[in-house]
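Walk through the structure below, starting from one helix and its surroundings and ending with the chain as a whole.

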Amino acid sequence: MEKKRVLLLSEGFGAGHTQAAYALSSSLRKLSTDVQTKVLELGSFLNPRVAPLIITAYKKTVTNQPKLVGYVYKHQYKKSLNRLTTLALHKLFYTHTRSIVRQLRPNVIVCTHPIPSAVISRLKRLGVQVPLCTVITDYDAHGTWISPEVDLYLVSTDEVKSKLMLRGVSVHKIRVTGIPVHPNFWEHPGRDEIRSRFNLKNMPTVLVMGGGWGMLSDEVVNQTLTRWHKDIQLIFCLGRNDKVRISMEQNPIYQKENIHIIGYSNEVDKLMEVSDLLITKPGGMTCSEGLAKGIPMLFHNPIPGQEEENVHYFTSRGLGEAITSLDIVVKWMNRLLHKYPDIVRKRKRHLAQIAKYHPTQSAQSIIDLLEIRSYPTDHSSF
């Protein structure tokens with residue numbers, strides 16, 4: 001029997017979108033042996049020379065002009081990508097998307113970023129017959145995600161579902177599944193083995209992350225944390241930002257006992273498992289990974305727009321706290337020192353309550369779509 005094919009499309013504007021695609025790919029293959037998957041960052045695949053330049057420009061804008069990013073987000077909040085924009089994207093950057101779909105012949109296309117979702121929506125308007133599932137990877141529903149050609153939306157919360165319905169999306173097209181994180185984040189391996197692998201001690205531990213791009217620019221917070229290095233273990237995960245990593249490694253402030261500085265790691269799930277507090281930029285994927293691990297979170301330097309909405313969601317439910325002053329950091333460090341058993345107990349209670357966010361919910365929804373809306377394909381393979 002021929003396997004059903006699922007093509008997962010993302011973009012490299014932040015690591016979370018592609019991580020969600022790979023998380024879904026893994027969950028789909030674990031859930032069904034009859035499913036075959038392929039993940040592509042569409043722009044990078046089609047134009048490997050131009051895409052990195054665009055992504056670098058976006059990264060610089062986010063870093064140097066966050067207020068501009070916030071203004072654009074809010075100005076376009078209720079607007080879908082218009083047809084002129086999607087036509088321009090198609091002509092300038094995605095001319096060969098149709099041929100990719102013809103070649104790979106997926107039974108379902110899943111998009112974890114709004115741009116490929118808009119491009120596939122346009123192809124559907126032009127006659128390409130393929131079910132389209134769009135996975136919204138934040139705790140908000142920006143207008144750029146929305147298109148009438150989308151057959152199924154997978155969303156993080158009931159609140160996002162309500163926002164889509166207010167914009168005319170049928171309730172039958174929406175499933176609340178949580179943001180899909182890699183199944184590894186739902187596993188709980190032995191902590192002693194993890195500590196041994198990373199040369200960590202069995203003591204209260206704080207993990208500090210800046211996202212896949214390693215945007216750890218809050219030097220005041222970072223240096224404040226080092227005051228507790230004798231009693232609290234600190235792990236600074238710098239992602240792909242080698243410049244900041246090298247600078248911190250050469251700074252005497254961080255050359256102290258129980259302070260660990262690491263670059264990009266594909267074992268963040270294990271680092272979260274042995275940590276007791278996560279300090280992070282509030283990207284949708286990192287927040288969801290922290291949610292799966294049940295770890296309390298402090299949020300710093302949110303990008304105006306979707307990351308601010310992510311902070312609002314988690315703080316309003318007691319799942320995290322924004323760093324509005326250094327007093328917040330001091331309060332949590334003192335909790336780790338003096339109320340550590342309470343933090344451990346609360347984490348265990350949280351883990352018992354979050355089964356509904358397990359990634360199999362998202363994967364099962366896609367399999368259901370395969371069974372209901374799949375169109376016949378040729379006998380090509382990925």
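**Helix α14 and its surroundings**

In this predicted model, the buried residues of α14 pack against two helices and two strands: α8 (158-166), α13 (284-293), β11 (297-299) and β12 (320-322). Helix α14 itself covers residues 306-316, and its buried residues are E307, N310, V311, Y313 and F314. Viewed down the axis of α14, these buried residues fall within an arc of 165 degrees, so they line one face of the helix. Just after α14 comes G318, which takes a positive phi of about 70 degrees.

One of the helices that the buried residues of α14 pack against is α13, and this element contains K293. Is K293 buried or exposed? Residues count as buried when their relative accessible area is under 20%. For K293 the relative accessible area is 1%, so K293 is buried. What surrounds K293, once its neighbours within four places in sequence are left aside? The residues in contact with K293 are then N184, F185, E187, H188, D269, M272, E273, R347 and L351. Among them is E187; K293 and E187 are 106 residues apart in sequence, yet their C-alpha atoms are 8.5 Å apart in space.

A second site to look at is a pair of helices elsewhere in the sequence. Helix α6 spans residues 97-104 and helix α7 spans residues 114-125. The two pack at an angle of about 80 degrees, with their axes 10 Å apart. Angles of 65 to 115 degrees count as roughly perpendicular, which means that α6 is roughly perpendicular to α7. On the α6 side of this contact are T97, R98 and V101, and they meet V119, I120 and L123 of α7. By residue class, the contact of α6 with α7 comprises four nonpolar residues, one polar and one charged.

The remaining values describe the whole chain. The protein chain has 17 helices and 12 strands. Its length is 382 residues, of which 54% count as buried. How are its contacts spread along the sequence? Of the contacts between residues at least 6 apart in sequence, 69% join residues at least 24 apart. The contact of K293 with E187 belongs to that group, since the separation is 106 residues and the threshold is at least 24. The protein chain exposes about 17600 Å², and carbon and sulfur atoms supply 52% of that area.

Terms used:
Residues numbered from 1 in each chain as written. Predicted model: local features only at pLDDT ≥ 70, side-chain atom pairs only at ≥ 80, totals over all residues. Heavy atoms only, no water. Axes fitted to C-alpha atoms, helices over the stretch in contact; angles between N-to-C directions. Helix = DSSP H or I, 4+ residues; strand = E, 2+ residues; numbered from the N terminus. Parallel < 35°, antiparallel > 145°, perpendicular 65-115°, else oblique. Contact = heavy atoms within 4.5 Å. Nonpolar A, V, L, I, M, F, W, Y, C, P; charged D, E, K, R; others polar. Buried < 20%, exposed > 50% of the residue type's maximum accessible area, 1.4 Å probe, protein only. Arc of directions from axis to C-beta. Areas by Shrake-Rupley, 256 points an atom, 1.4 Å probe, with all protein chains shown as cover.
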